[in-house]
Amino acid sequence: MKTPVTRRDLLWRLIASGGGSLLVPPDGRAEDASSWQSRFDASTAPWKSAFATPAADFPLTEVSVRGRFPDAVAGTLYRIGPAGHDLGGERYHHWFDGDGMAHRFVIAGAAVHHQGRYVATAKRVAEVKAGRRLTQGFGTVFKGRPEPGSPDSMNAANTSLLSVGGDLLALWEGGSATRLDPLTLETRGLKTWRADLAGAPFSAHPRVEADGTIWNFGVDAHRGMLLLYEIGPGGVLRRAEALSISDMPMVHDFAVTAGHLVFLLPPLVYDGRRRSAGASMLDAYVWRPELGMRALVLDKKDCRRQQMFHLPPGFLFHLGNAWEQETTSGAVIHLDYARACDASSVLEDTREVMRAQLSGRAGPSLTVVNLHLRSGKASQVDLGIEAEFPRIDPRRTGLRHRQVIHATKTHGGLPMWNGVACTNVETGATQGFSYGPHVIVEEHVWVPGGRDTGWVIGTILDHAQNKTVLSCFAADALADGPVAQATLPYALPLGLHGMFVPAQG
Ligand SMILES: [Fe+2]
């Protein structure tokens, strides 16, 4: 599939001038970095290691295992997240700023090994060599630092992972994917999908269909552009498109159906004037609830065929899945997402944990949406179940699904979540497992195979033991507790996302 010359030119111009949106005057709005470091260091919060900075990589280590991991989960769970929060006595002001560290949990029955390695981004290599931060992060502007020259000069490679074409890609949503060696986690360099797309934003939540087709997007907020990618199973780019979006919001995730791409556009809108005045990338976004939540539906075959729906205002990071159904009143797209009433999670909560403070706010709630393509009407129902990191059986991507695995909260007064649950988004029925009050739950993923409903694997930080634990559950019996657990001899900082890759043969 060839992209027209005019569109390629547009993409090239978009990328070639990509650094402009990141220019920040050296005397721009900045906060005293040392106070964040000292407040974090002085905190006695029992969960503080969740946001600590490992001094070095974690070499491959055999892990203590209780029980036996089922054959269906033999393989590698890759995970990644912000880990390099502190450097040279300065601490980032937002969880999402930290240099990415990739992990692999190699699972083989009663044997589990762990390895963790910082992604050697150009930014991290230069800053570690200098012993100090040289530029800004997504939510932090340090005083008197040179402007970042391009999005990739502040690329933290810290958000998610994608296994494709022999690479493990470390994803960040503001710039390029970073290629890692899947066996050693060694950094290979930036991924360029096509020469004219070098440096283009490639977001952290690609959707992989059952046939291996990969869909993804990227946001250039300053220009109000949404990039779309279609990639073949072997990692060859089939198509890239650029669309103009009015009131460009923060978009972290999207969904695909058999025929459409679906974006929820929360009313957290980029204001380039704030950026020009010295705000961080995060602080350039403005909460404008009067815009409501828009739902943009694009035809996969021709992205110029678009339909916009309107929902009440809300904010989200993640969708579970979307699928479409023919009905007597026309096609309906069903989707589910983790909906918050406002954007305080990204604007405040994920900032305050960096100085070991809790907001105490309730988390997002699992919410289902119907988009009626013929009438243009949209409706949504809040299932009333606190949920984040929704994941489905990967074989159901874009198809009808019923069950969503997600983190959930069973105890108040703690950051993040401490339970894992499986909720039927058609009935609202939910079953889950509470790890207890001394635990922070990370994303759990669904691993098909071995039984009808498959398995669920995921990590937690047990801050009573100060250790990270990998657990495996039967997907249809979470409440029965883990069938196997592997306890690391150390605590890892909280990560964001991961993916499971089965063992060969
Ligand atoms: Fe995410």
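This report describes the main nonpolar core and two open sheets of a predicted model.

## Nonpolar core

The largest nonpolar core comprises 137 residues. Within this core, the residues with the most contacts are Ala170, Val262, Ile440 and Ile457. In soluble globular proteins, nonpolar side chains tend to be buried together.

Ala170 illustrates the surroundings of one such residue. Leaving aside residues up to four places away in sequence, Ala170 touches Ile80, Gly100, Ala102 and Val119, as well as Ala157, Leu161, Ala177, Thr178 and Leu180.

## Sheet S11 to S14

One open sheet contains four strands, arranged in the order S11-S12-S13-S14 and paired in the antiparallel sense. Its edges are formed by strand S11 (207–208) and strand S14 (237–244), each of which pairs on one side only.

Strand S11 is joined to strand S12 (residues 214–220) by two bridges, and this pairing is antiparallel. Arg207 has Trp215 of S12 as its bridge partner.

## Sheet S15 to S20

Another open sheet of four strands follows the order S15-S16-S19-S20, again with antiparallel pairing. Here the edge positions belong to strand S15 (255–256) and strand S20 (306–311), and each pairs on one side only.

Strand S19 (residues 293–299) runs antiparallel to S20, and six bridges join the two strands. Across this pairing, Val297 stands opposite Gln307 in S20.

Methods. Residues numbered from 1 in each chain as written. Predicted model: local features only at pLDDT ≥ 70, side-chain atom pairs only at ≥ 80, totals over all residues. Core = buried A, V, L, I, M, F, W, Y, C linked by C-beta atoms within 7 Å. Buried ≥ 20, exposed ≤ 12 C-beta atoms within 10 Å, placed from the backbone. Contact = placed C-beta atoms within 7 Å. Pairing = 2+ DSSP bridges.
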